[in-house]
Amino acid sequence: MPLRTLRHCAVLFVLIFSGAVAMHAQSAVEYGILTGNSAAAATASARPAIPIPNLAIPGSPASSGPGARSTGVPAGTAEEAAKTNRQFFQSHSGPNAAQLAVHTVPDHAEAWIDGKFVGPTPLDMRLAPGHHQMLVRAPNMQESAREFDLAAKQTQSIDLALKSSYQNQVVIHWRAQK
C-alpha cells in the first residue's frame, strides 16, 4: 500500500511540475513577443489583422459568370472593405430602410453584419427590413453573436458589453501554519 501511494504521489508531482514548466515557457514566449524590438513584431502589435469572410460583392466582376470564383472583398485595406460593404447595405436597403446603431464596450470592436465586415463600432447604418445576424469581436475579448429583426422604417439600437477572454480573478489558497 505505501508503495502504491508513493507511486501516485510521484505521478502527481511529475504532472504538476510539467504543467508549471509549460506555463513558464508560454509566459516567456509571450513576454518575448511583447517586448521584442523586431520590426515584424512592432508591425503586428501596432495593427491587428482583421479576418474578412470570403463573400462576393454583387455586381463586381468576380461575382459574374457561372464559374467565377469570388474573392469577397476589394483589394486594399479593411477600411475600404467596410466602406464598400456599408454602401452595399445602404444601396440594398430600399425605401423602407431601417436605421441600426451599434455600440460596444469597448469601442472600436470589429463588426460583421450578415457575414460582411462593416467596420469598427460605434456604427450607424441603414439596413433592409428583415432578419439579420451580427458578430462583434475585439482583441482580448470574447466575441459576441446576435440575431435581430428589423421592421420597416424602424430605428434600433444594439448595445453590447463584451466580456474579457481572460479570467478576472485569481484565488490563491495558503496552507495554514501549524
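Trp112 sits in strand 2, and in this predicted model that tryptophan is a handy place to start. With a relative accessible area of 3%, Trp112 falls under the 20% cut-off and therefore counts as buried. One of its partners in space is Met134: the two C-alpha atoms are 5.6 Å apart, although 22 residues separate them along the chain. Trp112 also turns up in a nonpolar core of five residues, along with Ala82, Phe117 and Leu135 among others, and this core is separate from the largest one.

Stepping back to the whole chain, the protein has three helices and seven strands. Read along the sequence, the helices come before the strands, in the pattern α-α-α-β-β-β-β-β-β-β. Of the 178 residues, 23% count as buried. The accessible surface comes to about 12900 Å², and carbon and sulfur atoms account for 60% of that. As for contacts, take the pairs at least 6 apart in sequence: 51% of these join residues at least 24 apart.

How is strand 1 paired with strand 4 and strand 7? Strand 1 covers residues 98–105 and runs antiparallel to strand 4 (residues 123–127), with five bridges joining the two. Within that pairing, Val102 has Leu123 as its bridge partner in strand 4. The pairing with strand 7 (residues 155–161) is parallel and has seven bridges. Here Thr104 of the protein is matched with Leu160 in strand 7. Strand 1 thus has an antiparallel pairing with strand 4 and a parallel pairing with strand 7.

The largest nonpolar core holds 20 residues, and within it Ile113, Leu127 and Met134 touch the most other members. Two or more residues each come from helix 3, strand 1, strand 2 (110–113), strand 4, strand 5 (130–137), strand 6 (144–150) and strand 7. Which residues does Met134 contact, once neighbours within four places in sequence are left aside? The list runs to Val102, Trp112, Ile113, Ser144, Ala145, Arg146, Phe148, Ile158 and Leu160. Val102 is the residue bridged to Leu123 in strand 4, while Leu160 is the bridge partner of Thr104.

Ser144, another contact of Met134, lies in strand 6. Is Ser144 buried or exposed? Its relative accessibility is 19%, and buried means under 20%, so Ser144 counts as buried. Leaving out residues up to four places away in sequence, Ser144 touches Met134, Leu135, Val136, Leu160 and Leu162. Leu135 in that list is also a member of the second core.

Helix 3 (residues 78–91) includes Gln90. At 47% relative accessibility, Gln90 falls between the 20% and 50% cut-offs, so this glutamine counts as partly exposed. Between Gln90 and Arg126 there are 5.4 Å from C-alpha to C-alpha, with the two residues 36 apart in sequence.

On the surface, Phe13, Val14 and Phe17 form a nonpolar patch with about 350 Å² of accessible area together. Phe13 belongs to helix 1 (residues 2–35). Its relative accessibility of 57% is over the 50% cut-off, which is why Phe13 counts as exposed.

The loops hold some backbone oddities. Val105 and Pro106 are joined by a cis peptide bond with omega of about 5 degrees, and Pro106 is found in the loop between strand 1 and strand 2. A cis peptide bond also joins Thr121 and Pro122, with omega of about 0 degrees; Pro122 lies in the loop between strand 3 (116–120) and strand 4.

Positive phi angles come up as well. His108 is not a glycine, yet its phi is about 65 degrees. His108 shares its loop, between strand 1 and strand 2, with Pro106. A relative accessible area of 61% is over 50%, so His108 is exposed. Asp114, likewise not a glycine, has a positive phi of about 50 degrees and is placed in the loop between strand 2 and strand 3. With a relative accessible area of 31%, Asp114 is partly exposed.

Definitions and conventions. Residues numbered from 1 in each chain as written. Predicted model: local features only at pLDDT ≥ 70, side-chain atom pairs only at ≥ 80, totals over all residues. Heavy atoms only, no water. Patch = residues over 30% accessible without salt bridge, like charges linked within 9 Å, V, L, I, M, F, W, Y side chains within 5 Å. Areas by Shrake-Rupley, 256 points an atom, 1.4 Å probe, with all protein chains shown as cover. Salt bridge = Lys/Arg side-chain N within 4 Å of Asp/Glu carboxyl O. Helix = DSSP H or I, 4+ residues; strand = E, 2+ residues; numbered from the N terminus. Buried < 20%, exposed > 50% of the residue type's maximum accessible area, 1.4 Å probe, protein only. Contact = heavy atoms within 4.5 Å. Pairing = 2+ DSSP bridges. Core = buried A, V, L, I, M, F, W, Y, C linked by side-chain atoms within 4.5 Å.
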